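Let's take a friendly walk through this structure, from the fold of one chain to the way helices and copies fit together. Please have a look at the sequence and the model before reading on.

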Protein chains: 8
Amino acid sequence: MQHLLELVASGKLSVEEAASKLSHLSFEDIEYAHIDHHRSLRKGFPEVIYGQGKTAEQIAGIMEKMLPHENVIMVTRIDEPKAKHILSLFQDAVYHQRANMIVLQKQPIQKQGKGKILVLSAGTSDIPVAEEAALTADAMGNDVESVFDVGVAGIHRLFNHKDLIDQASVLIVAAGMEGALPSVVAGMVSRPVIAVPTSIGYGVSLGGLTALFAMLNSCSSNVAVVNIDNGFGAGYIASMINRL
Amino acid sequence: MQHLLELVASGKLSVEEAASKLSHLSFEDIEYAHIDHHRSLRKGFPEVIYGQGKTAEQIAGIMEKMLPHENVIMVTRIDEPKAKHILSLFQDAVYHQRANMIVLQKQPIQKQGKGKILVLSAGTSDIPVAEEAALTADAMGNDVESVFDVGVAGIHRLFNHKDLIDQASVLIVAAGMEGALPSVVAGMVSRPVIAVPTSIGYGVSLGGLTALFAMLNSCSSNVAVVNIDNGFGAGYIASMINRL
Amino acid sequence: MQHLLELVASGKLSVEEAASKLSHLSFEDIEYAHIDHHRSLRKGFPEVIYGQGKTAEQIAGIMEKMLPHENVIMVTRIDEPKAKHILSLFQDAVYHQRANMIVLQKQPIQKQGKGKILVLSAGTSDIPVAEEAALTADAMGNDVESVFDVGVAGIHRLFNHKDLIDQASVLIVAAGMEGALPSVVAGMVSRPVIAVPTSIGYGVSLGGLTALFAMLNSCSSNVAVVNIDNGFGAGYIASMINRL
Amino acid sequence: MQHLLELVASGKLSVEEAASKLSHLSFEDIEYAHIDHHRSLRKGFPEVIYGQGKTAEQIAGIMEKMLPHENVIMVTRIDEPKAKHILSLFQDAVYHQRANMIVLQKQPIQKQGKGKILVLSAGTSDIPVAEEAALTADAMGNDVESVFDVGVAGIHRLFNHKDLIDQASVLIVAAGMEGALPSVVAGMVSRPVIAVPTSIGYGVSLGGLTALFAMLNSCSSNVAVVNIDNGFGAGYIASMINRL
Amino acid sequence: MQHLLELVASGKLSVEEAASKLSHLSFEDIEYAHIDHHRSLRKGFPEVIYGQGKTAEQIAGIMEKMLPHENVIMVTRIDEPKAKHILSLFQDAVYHQRANMIVLQKQPIQKQGKGKILVLSAGTSDIPVAEEAALTADAMGNDVESVFDVGVAGIHRLFNHKDLIDQASVLIVAAGMEGALPSVVAGMVSRPVIAVPTSIGYGVSLGGLTALFAMLNSCSSNVAVVNIDNGFGAGYIASMINRL
Amino acid sequence: MQHLLELVASGKLSVEEAASKLSHLSFEDIEYAHIDHHRSLRKGFPEVIYGQGKTAEQIAGIMEKMLPHENVIMVTRIDEPKAKHILSLFQDAVYHQRANMIVLQKQPIQKQGKGKILVLSAGTSDIPVAEEAALTADAMGNDVESVFDVGVAGIHRLFNHKDLIDQASVLIVAAGMEGALPSVVAGMVSRPVIAVPTSIGYGVSLGGLTALFAMLNSCSSNVAVVNIDNGFGAGYIASMINRL
Amino acid sequence: MQHLLELVASGKLSVEEAASKLSHLSFEDIEYAHIDHHRSLRKGFPEVIYGQGKTAEQIAGIMEKMLPHENVIMVTRIDEPKAKHILSLFQDAVYHQRANMIVLQKQPIQKQGKGKILVLSAGTSDIPVAEEAALTADAMGNDVESVFDVGVAGIHRLFNHKDLIDQASVLIVAAGMEGALPSVVAGMVSRPVIAVPTSIGYGVSLGGLTALFAMLNSCSSNVAVVNIDNGFGAGYIASMINRL
Amino acid sequence: MQHLLELVASGKLSVEEAASKLSHLSFEDIEYAHIDHHRSLRKGFPEVIYGQGKTAEQIAGIMEKMLPHENVIMVTRIDEPKAKHILSLFQDAVYHQRANMIVLQKQPIQKQGKGKILVLSAGTSDIPVAEEAALTADAMGNDVESVFDVGVAGIHRLFNHKDLIDQASVLIVAAGMEGALPSVVAGMVSRPVIAVPTSIGYGVSLGGLTALFAMLNSCSSNVAVVNIDNGFGAGYIASMINRL
């Protein structure tokens, strides 16, 4: 815009043209969604497509539009049948089944994160969410490590990984049921902990609300929380933190 | 009733008299409440008066009716002004301020519990509830020990008391906020754990609902839960368990 | 750990080796979950696999790992097709259809419980949950008896079983809808009552929340509650209580 | 209106006058509320003023307007200071303190109900609500009897009143906490039971929602429910039922 | 029991036999549920089977047990396939598809209700619930009339039926969405109105909770409410009221 | 009615006939629902059929009854299979798949709205709801324009459409997730904004409740809200506003 | 901004100055809040101060800043003591006690609304909210009329005002309890209805949530809803509608 | 512990003494709470006392214990009367009234954060929470800047601060009501945004739940959320992030 104003100042651009340019700058309409080609530049991160509720064809269409402009494209919440359709069209795409996620990278992803991101999960059922977080952080150029099934009912298992925990610069902790793990982990470190409640549990787990509320009430203050089952969001903000 | 039937069978009691006797057996009306004099016999425990919402005069009235029949009387949820009024009338009554509770015992309470009941609490704010539980268990004839402020954010403090924890036969764990402590404690023992959520916390602690739901979702299976802030109930059922 | 420290003290073990040993003590990784071989020893109870959300193959894999170390293995929340697969692989496994549960025992289970555990349920629809509780208590070495369909709308039916109720040392009461049965039963005994709300009902039964809240509000104090439909948890903690 | 149409037909009333008459028929404006003088005629019941949120002066003003047209006036939810002000102005008014209610009757109320209305309450704390129901039914011309403190934790007390219960034509049952009493009572009779949840309880009593939901989920079908603490409404509809 | 006591008094029955008799009086066990043969006598109403969650075989089994003792049997919440199975076994059974209900009557039902029960519903979608109520009241021996689709958005339609409304002795009003119809109807009559919220609506209808809460908050006091979609319960209690 | 009264006054109509006429004026019964032929006249808008929960046959039946009296008929919430059935019967009917809506117009719809109605939506998933709103406003005779996918996470996209926004006389804004778009848009204009929360989102989107509550809490005061996913209602009231 | 661009184009303004101007355009900092002097121009409406939670001094401070730029200033949610302080400082200010609102106008307000805005309320307790709406609409230059206490329990009262209702161009309807009035009113007109739920009621009125949800579920489609007790918002958007 | 093990290995410490040392390492009991002197070392942050629910004396007692070991002590949620008591005892303590917070620093706090933390708030009422966050971040050694009252209803105000926003390394955004600000801000930057919902608002703001849920549903992925009104927690985790 600075540049546009200079052009206007120098008379190289009329006021009307400047106004028009500002309106059409960097947008392109396709049928189902505006795509902002400059976002990867502006945001410094790969583009992500939320797969749920979109057809395989819609996803492929968006990917095709993105491909010339992006090095890495991720598709989240995509089941196997749709994923197979995508893989048949894009040979660089890789499907991660447990996380219901596709990652396509044209060039090896450059490490941009400074420290290590550690992903912990409380139970076996929390693994899909934890893996979504780990893959996201990985695709965004981080050194990532994961330890699964270290819930608080057998807390000695968690302590077996104390070294890993101490070395991490950012921690992502996924837990369902009573959502107690982030509080315990956060009490062991002086690093930011991103807590992800999962919808695992029954009865009054209330689809993850109980774990969410427990995490927000954590008696450790170095905990911030993302939405239920939002592994992607946890990986995304952890990556932003790890670049500082 | 077996006895009454036998009297009827032997002709010593008419049918009408038997029916009448059954109706009036062991009840006595005072204005605000039926009191069942045989309850301490039937239940094997002292009588308890829920003080909240009753005037000091009403409480004193009920106590007076009970006194001839009971060795121990407890009054819960009674604030200091009301308590002073009671203490001025009943010289054996003792007021426990932190727990808002009066215990009156005519004779030393006989130990009936077999093992030790251990009361743990997560934060300093949970102490009133924990103390209500401890005093209740004590008044019901148990060996009781308490450790306060051993929440999960500094979990090494909890482990400093591992011996005590291992020796307890029943454990009562009070916690507010994220309610994680009972899960961790229950994972350390093979004993029944009675969890008491407290209304401590703010924001989405929801007056204790978050802690309650977290406890019901405990990934340890040896946890059962009582109502929010119900220290009395926790002490009561722990006492029943400890007599088995 | 006492032992390890002694080895270190005597110079038989280097500090580094001791640290390493502590980390790997008694754990073994398989793909989907840590299994703690010492748990049956530490906990004094058989191992349990929560079947829901796991494939038959995953369940079989975990069972195979456990089999050398355990006498009794239970699988809960397992439907008939998966159960058939398991039965075809483990000849000692028995499927209990109404409770959706498999129990595998290598040797006859030794009675460890002292008294009798009585399981009551309010309606015919509550039977699966009640049966899960009964089978769990049975597999954990208790003398168990069950009476179904004794809800409060026909309260004389409940009273027909007064003798059984009086003789039980621990009672498990499952009820949906208004969840009133545990209160009534608890008023009849001086024993601990474990209440299990079920998700039975419609309209404002709210998937069992109404029964759960009613039970937590019980006007009888010898009631503690487990999660909705958590028959296993009720049987588990009742067993712990019954061993005291 | 039939009459008005006839006047129009006979030419004794112009169309415009008829339209105007219809608009102003039987209403009279005072500052804070329309009062419908014909309501007692149309409804066949005395007029009631909801006292909460109105000043003593406003209540007195409405009463004065009503007095020429009504034999009985009731004021609900009125505390003692306001009540004293009213009593000083209307000598026939009587204040019922436990129910926070004023009843003013110019002539003895005529019995219009056919059978007896029985009011039961579970605990001492439920008495104010139960009494509001009883006084309302009384003021509406019914034969009313009350039994308080017969909750399900001591269910034998309830059975001591079985005769009374059997003879009632309509039953009102007030209960807080787990709200179980109406289900038990309804199972004992073939009469309509009006259940009134009270806001008594703590923790997850949720201000009476737990009792309300439990009552709506009653496993007895002869139960209908009114709003929390709505003793007046229970007495009102019970009176309508009792006149059939 | 009076009779039994007399036998005991006269020595014709031993105490032990009397105790035993009391236990087995009028119960008979079949696998899935206790059936109380004397209920129709005690209750004065036909027996009802809640069909949901039961197999056609289970329903048929219960019906067979009941048939010798009952004149009328109703099955609620039964879909067409199960209903066909029942109809093939019991030739007197009639299936009412819109209400998902079977009514079997051996002899014509005797009219026992005094006045007319009027069933109103707000929208076309509320008809199944309204019809369940109407059929229940009919099977219980009442004169029943129904008017459907008279919701408050076109309130003149409701007024077209004013005569019917005025003549009813008990009214049942079913409504979903905003649940306003019972308030309006109750304001027009001096008769008891039983309101049935339905789960019809979307968004914040919350599965009927909005209609339920609105009905409980009715500004008309002659309204009592049953559970969401509980047409049967509404018809049942209306029948009890109509017999007074 | 004025006319009827005049006839009565002039003696051309008897009182009884007048009463009868008033009752039957303009209603006609078909099996599933009252249809009010005069509604389009009275309301000045086309008739609408809510398709969900009705069979294709029922919808066709209602349409047939309406067709002689209406110029425009809309069917909302109708899926493709049912729509095909309708299209085969009514050749003027057009199916709009993304909005799940049929519009049938016999004559071109006359423009009755004064200004332009602008429909905005936050994400691609909100399009079906937004389109339902746009089609409704269009069928009701308005000049309508739509801009989709202008959510607040890329707020510069929204500003690219500032001219359109400034020119609209009424704005409809559909958004799920955090529901922030209506607040931002309303802050940019001095026109009424009708906000439609959608059920799009996961975790604590709570089926649209979060967006709904956020919109009701808008810090801009020119926002009013309709039910979740109620695109039809938004288009309907916007049309009424646009005619003023 | 168009103008600024032209200055830049003509060389009368440097690029840097233009950038700076854009940043500081029309803002002025005072301690507690940014005030946007151009808002009344941009919005075409008077400025409003939300009084709750602000001290009388803060309110006076903001008013003083606004006074040179505004003709009308409103203060909402201001209690009597604070209002007196304001009135002592600003002689043109008028306090409306029932609505807790101050209106200050320097010049007579110019009528800008086209038709009449009618404000209806269901009960006497809803009057404060209704009056806030009426005063707001009045201060924004509309012809306003109000009718209070026309709730649905006595629906004939509402019909007495049918002429007024038919003549209004926009209707505001305030109601608490079951929130039914807007549905009934909206069914009588072809005009937009703005519904305002009030927090009036008890038990399950849930602080106005029940009325809110009922209104959002209105079976009339010409209803849009504002936040609970938000009389100001209702008056504000109704004013915007009335200017179209 | 490494050190202790080495002492044991070298025989300088007996096994028993080592076990004992481990138990008493760094704990000291005072009446109301364990204080962990090594926490500031372990955590690398100053100690914080949650003031709410503690008396001034209790707070002073804890501070005295901490003073020898800490350079900075903060007390949150402390009202003015209590604060005055503390200030009279500790001369280095400073009270920040708007944030209800005391900060005591013995030596100037050393800057440890790398970039700038920017605190934004939506409305004037959100300032106390925002200020608590800013003061916390400041006390933890960060460069902090704050901009208040930049809510989304006047979004151009926010854009006036675009430079500040672009330069921040971590952003804290406090907002009540609809909670939209964090989404908008996060869409403008590639930095982590910590969102703090506040309890500001009325009606369906639900004490901050609406803002909380909206933030968790943010359509921007670089947002993580802390508990309602938890300004301290936001400042704390932002500080941890800013040290990476």
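The expected span of a helix is 1.5 Å times one less than its number of residues. Helix α6 (residues 127–139) of chain A has 13 residues and should therefore span 18 Å, which agrees with the 18 Å between its end C-alpha atoms. Keep in mind that this is a predicted model.

**Chain A and its helix α6**

Chain A holds 11 helices and 11 strands. Of its 244 residues, 59% count as buried. Among the contacts in chain A between residues at least 6 apart in sequence, 67% join residues at least 24 apart.

How much of α6(A) is covered? Most of this helix is, with 11 of its 13 residues buried. The buried set includes the hydrophobic names one might look for, Ile127(A), Val129(A) and Leu135(A), and also Glu131(A), Glu132(A) and Thr136(A). Five alanines complete the list: Ala130(A), Ala133(A), Ala134(A), Ala137(A) and Ala139(A). After the helix comes Gly141(A), with a positive phi near 90°.

**Helix α6 in chain C**

Turning to chain C, the 13 residues of α6(C) should span 18 Å at 1.5 Å a residue, and the end C-alpha atoms are indeed 18 Å apart. Because 11 of its 13 residues are buried, α6(C) is largely enclosed by the rest of the structure. Among the buried residues are Ile127(C), Glu131(C), Leu135(C) and Ala139(C). Gly141(C) follows α6(C), and its phi is positive, near 85°.

**Two helix pairs**

Two packed helices are described by the angle between their axes and the distance between the axes. Here are those values for a pair in chain C and a pair in chain D.

| Helix pair | Angle | Axis distance |
|---|---|---|
| α6(C) (residues 127–139) and α11(C) (residues 231–243) | about 35° | 7 Å |
| α4(D) (residues 56–66) and α5(D) (residues 80–89) | roughly 35° | within 9 Å |

The crossing of α6(C) and α11(C) is right-handed. On the α6(C) side, the contact is made by Val129(C), Glu132(C), Ala133(C), Thr136(C) and Ala137(C). Gly231(C), Phe232(C), Ala234(C), Gly235(C), Tyr236(C) and Ser239(C) meet them from α11(C). Sorted by class, this contact has six nonpolar, four polar and one charged residues.

In chain D, α4(D) and α5(D) also cross in a right-handed way. From α4(D), the contact draws on Ala56(D), Glu57(D), Ile59(D), Ala60(D) and Met63(D). The partners in α5(D) are Lys82(D), His85(D), Ile86(D) and Leu89(D). Which classes do the residues of the contact of α4(D) with α5(D) divide into? There are six nonpolar, one polar and two charged residues.

**How the copies are related**

Two copies of a chain are related by a rotation about an axis and a shift along it. A turn of 180° and a shift of 0.0 Å along the axis lay chain A on chain H with an RMSD of 0.1 Å. That is the relation of a two-fold axis. The same surface serves both copies, as 100% of the contact residues of chain A recur in chain H.

Chain B can be laid on chain A by a turn of 180° with a shift of 0.0 Å along the axis, again with an RMSD of 0.1 Å. Which residue of chain B comes closest to the rotation axis? It is Ala180(B), whose C-alpha lies at 2.6 Å. Of the interface residues of chain B, 100% are also interface residues in chain A, so the copies meet through the same surface.

Conventions:
Residues are numbered from 1 along each chain as its sequence is written. Chains are lettered from A and ligands numbered from 1 in the order in which they are written. This is a predicted model: local features need pLDDT of at least 70, side-chain atom pairs count only at pLDDT 80 or more; totals for chains, interfaces and linings use all residues. Side-chain values use heavy atoms; hydrogens and water are left out. Axes are lines fitted to C-alpha atoms, for helices over the stretch in contact, and angles run from 0 to 180 degrees between N-to-C directions. Helices (H or I, at least four residues) and strands (E, at least two) are DSSP runs, numbered from the N terminus. A crossing is left-handed if the near helix is turned anticlockwise from the far one by less than a right angle, and right-handed if clockwise. Contact means heavy atoms within 4.5 Å. Ala, Val, Leu, Ile, Met, Phe, Trp, Tyr, Cys and Pro count as nonpolar, Asp, Glu, Lys and Arg as charged, and the others, Gly among them, as polar. Copies are superposed by least squares on the C-alpha atoms of residues with pLDDT of at least 70 in both. Buried means under 20% relative accessible area, exposed over 50%, partly exposed in between (1.4 Å probe, protein chains only).
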